[in-house]
Amino acid sequence: MRLQLEILSPLKIVARSHILNLLTDSKRLTSADATLASLLNEVNVSKYAGPPALTQITDEERLFQESVGKFATQRIAPLSAAMDESQQMDPGLLRELFELGLMGIPIPEEFGGAGGSFFDSILAVEAISAVDPAVGVLVDVQNTLVENALLRWGTEAQKQRWLPKVAADAVGAYALSEAASGSDAFALETRAIQRGHDYVLNGQKLWITNAREAGIFLLFATVDPSAGYKGITCFVLERGMPGFQVGRKEDKLGIRASSTCELVLRDCVVPGDHALGEPGNGYRIAIETLNEGRIGIGAQMVGLASGAWQHAARWAKQRKQFGKPLAEFQAMQFQLAEMATQIEAARLMVYNAARLKDSGAGFQKEAAMAKYFASHVAEQVASLAVEVFGGAGFVKDYPVEKLYRDAKIGKIYEGTSFMQLATIAKLTLDKP
């Protein structure tokens, strides 16, 4: 009977009331019906009101989100312009991110982490990116790429060795891209030749986020070129290893405080126990972690768009033209309303993909859609925010100029918009 009750659980309140009326009709009542009626009466009707809305988060999640947002406003915002100008992350801010647990959100408490969920990481990235997307991507790569890979693919010894470090003070970097392998991610030329129990790595990596600050690198190299993508292996490298160095830092259009550097390997000897997962299994690690990372970039772009909208809305209420605030003009109201609608749609897609990931359900298509759509929304909203500010929006004195520059990268890294569309097409058109 309890099982039957669970089957009935999706019924609407009105349907439940109708069933109760039928079951309590003396002409139709049986012993089994009476039992069911009694059980239904004991049930809290609110349980059957349907699942919560995607944007309806728990009290704990809301408190976490608000706390991160407050920290971003109070501590990151005053540093943002200077970090962008100097193209450097503030060292004191980096220490605070670790102290607050924002650099080890999904790591279990036994390893010194916060013991949070993937969705918690998404909330943090979104809240931080509303203030500074450069800091947002630092937190994103740490939590959604590096730590998720170590948690899923690391041996117990590897977890014991590296998870406490990335939770406490070691920034992580994810080194996949090369000059010849951008969208064609597995066309790797970096080689790893096995010598006894060790590997000797030679090659060059490009466009590696967090590289200047990182202490730990997940680096992908080809062990067996004849095996194609099945010859790729992921290695955990530590800063300072002989033959491994961080090279030139890129001078970028946006997210300038986030370091993007080349990595150079010249006869770098890496112990065999630094291989993450089985040799030749690096392509699976890359695919799975990048699917999760795309949700993180979606969250970064939603946060960016939300921050740009907030700046634009405040400006529209304060700035007066023709004797009244801009926000009183219908054309401006419609523009802000359109921006808000696009942001909400992107947020729903990102939250849905993150919830699917945490539930253990498939999310590859949803992640690609969320990243693709959110990056387009961020670019559009940031552009419109500049227009709301008018001439003031085109100068560095106001934050929307920076957000506009920061938005462009969303369509490029962790899979370009073209690659997301290819993934979406494959996962939708191949279905019968």
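This report looks at one helix pair and the two largest pockets in a predicted model.

## Ground rules

Residues are numbered from 1 along each chain as its sequence is written. Since the model is predicted, local features need pLDDT of at least 70 and side-chain atom pairs count only at pLDDT 80 or more, while totals for chains, interfaces and linings use all residues; side-chain values use heavy atoms, leaving out hydrogens and water.

## Two helices side by side

Let's start with α4 (residues 59–86) and α6 (residues 118–129), whose axes come within 8 Å and cross at roughly 30 degrees. Axes here are lines fitted to C-alpha atoms, for helices over the stretch in contact, with angles from 0 to 180 degrees between N-to-C directions. Helices are DSSP runs (H or I, at least four residues), as are strands (E, at least two), numbered from the N terminus. The pair is therefore roughly parallel (angles under 35 degrees).

Where do they touch? On the α4 side, the residues include F64, V68 and I76, and on the α6 side L123 and I128 are among them (contact means heavy atoms within 4.5 Å).

## The two largest pockets

A pocket is an open set of points on a 1 Å grid over the protein atoms alone, where a 1.4 Å probe fits, with protein on both sides within 12 Å along at least five of seven lines; lining residues have an atom within 4 Å of a point. The largest has a volume of about 1200 Å³, the space filled by probe spheres set on the points. Its lining has 41 residues, with S177, G182, Y413, E414 and G415 nearest the centre. Helix α13 gives the most, five residues.

The second largest pocket holds about 640 Å³ and is lined by 26 residues. Here α4 turns up again, giving the largest share of the lining with eight residues.

Methods: Angles under 35 degrees count as roughly parallel, over 145 as roughly antiparallel, 65 to 115 as roughly perpendicular and the rest as oblique.
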